[in-house]
Every structure is written in C-alpha cells, then in structure tokens.
Amino acid sequence: MFPCRLKCAFLCFLLLFAAGCVQAPHTDRSQFIMVSRSQTAAMGQKTAEKIKQEKPISKDPALVGQVRGVGKRISEKSGTDYSWEFNVIDKDTVNAFALPGGNIFVYRGLLEMVDNNAQLATVIAHEIAHVKARHGAERMSMQMGTNLLGQLAQAALDMENPKVARTFQQAYGITSKVGVILPYSRTQEYEADKIGLILMAKAGYKPEAAIAFWGKMMEKNKGKQPPSWLSTHPPSSRRLNKIREAIPEIKSKYYRK
Ligand SMILES: [Zn+2]
C-alpha cells in the first residue's frame, strides 16, 4: 500500500494533468498545456521585440515581400486569431523559427536556398503549425509538470519509507527522461509536418513541394555540419516517407488552386 501522503501527491498530479489536457488541431492528439494562450503570446511578443532590436532585420523589399506574401496566404488559412508577423533576418544562416503568438522569423540564408515559393511555404507552414498546435507551451508545461512531479517525489522521499520513495523516483526518472520529454519533440515535429501540409494545401501550394524541400535538406545534411534549422528539424527518410504517405489524402481534401 502507498502511504497516504504519496497517494495524495499522485492525486494532485493527476488532477493537475486533467486540468491541463487539450487536443491538438488536425491530429486530435492529447496535449498537456498548463500555460494560457495570452501568457505565451505575451512572452512571444516580448521576445520578438528584443530580436528585432538585436538582430539585423532585412529591409530588402523583394525578400521581405516574398516572406510576407507566402506567410499571409498561409496564416489566413490557419484558423487562428493570432496577429501574425513575418520578418527576415539578414544573415546567411539557414534557419527559421516561430514564437508563440505569431511572430515568424526567416533567415536570408534559407530564402537563398529554396527554389520557389512552394518550398518556402513548406517551412513557413511548418512553423505556423508549431504555433497553432502550441508546441512551445506544451514543451514548457511538460517541463513544469515533470519538475513538479520531481518535487513531489522529493517530498515523499523525506517523509516516507525509503523503499517506496526509491520506486517512485525510479518511475519519475523513466517518466521524465524516456517516457515523456524525449519522444515529444519528435511527435511534435511529425505533427507540425502534417498540419503544415494541410495549411500549405489550403493556401494553394502543392504539398508535393514538401518532398522536394526535405529531399534537398537531406542532401545538404549529408556529411557536413547541418544548418542550424536542421539540428532541431532533422530530416530523415522516415520523416520523408511520412510526408509522402500523408500527401494524397491531404491534397484531395484540402488543395485548392
Ligand atoms: Zn519543427
């Protein structure tokens, strides 16, 4: 039998977990999110302002126009009410990132690498998908949740039978390192790929452009140091296969010229 205090700790965690459970768009995956939309949007906005002050923001009308044009088309189909804003960072890094609340930054280096707007749409739609599915907030919440569980385990350690506490801590170790945190980012990546394909198709970009784009990224990744975007978005044949498999249904359901 678990001692009462430990049972109580479990119950608290379960209640907290239930309170933070939502469903991801388009995939209906259960997500655990403990921070509100307005909280994360405010943090995203603050960070974006800082980035705009500290990084060289491009004023090149062709580049900025390209990113804003593609970004507007996709964000209009995103089904969100975020105030989307798209900027180009004038550096030859191959990178792009999104902040909660709708600020998207694309580096000039990435723009120089894509062959056309449909390939750029692959990246922008993927980033918009991370924001729409609130992946940053989810990651934060998982971290907060496992920290809390760690604190509860610690409380149990101090107060209760060391044997029980050890079992609990082992379970916590497995939960925080293997069971919860690590696989999530891969899950989120696949989810952002899928939602991204839907958004680009809705915006009138052929989803097949994603295959060309990721194929190109895999080629670039061969042998040398991968571009920074790729270290957090690793291209792989599994990823490419998943995208390839998803395209026929998404195209027939969502693609409008
Ligand atoms: Zn991603």
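**Surroundings of K132 and the enclosed cavity**

K132 is in contact with P25, H26, S78, G79, T80 and I195, when residues up to four places away in sequence are left out. The model in which these contacts occur is predicted. K132 itself belongs to helix 5. One of its contacts, P25, lies 107 residues away along the chain, yet the C-alpha atoms of K132 and P25 are separated by 7.6 Å. The relative accessible area of K132 is 15%. Because this value falls under 20%, K132 is classed as buried.

The interior of the predicted model was also examined for enclosed space. The count of cavities of 30 Å³ or more comes to 1. The volume of the largest cavity is about 60 Å³. Its lining is formed by T122, H126, A192, D193, G196, L197, M200, A210, W214 and I243. Two or more of these residues are given by each of helix 5 (117–132), helix 7 (162–202) and helix 8 (209–221). Helix 7 provides the largest share of the lining, with 5 residues. In terms of residue class, the lining of the largest cavity consists of 6 nonpolar, 3 polar and 1 charged residues.

Helix 5 thus appears in both parts of this description: K132 is placed in helix 5, and helix 5 is among the elements that give two or more residues to the lining of the largest cavity. K132 is not listed among the lining residues, which include T122 and H126.

Conventions. Residues numbered from 1 in each chain as written. Predicted model: local features only at pLDDT ≥ 70, side-chain atom pairs only at ≥ 80, totals over all residues. Heavy atoms only, no water. 1 Å grid on protein atoms, 1.4 Å probe; cavity = no way out; pocket = protein on both sides within 12 Å on 5 of 7 lines; lining within 4 Å. Points joined across faces, edges and corners; volume = space filled by probe spheres on them. Helix = DSSP H or I, 4+ residues; strand = E, 2+ residues; numbered from the N terminus. Nonpolar A, V, L, I, M, F, W, Y, C, P; charged D, E, K, R; others polar. Buried < 20%, exposed > 50% of the residue type's maximum accessible area, 1.4 Å probe, protein only. Contact = heavy atoms within 4.5 Å.
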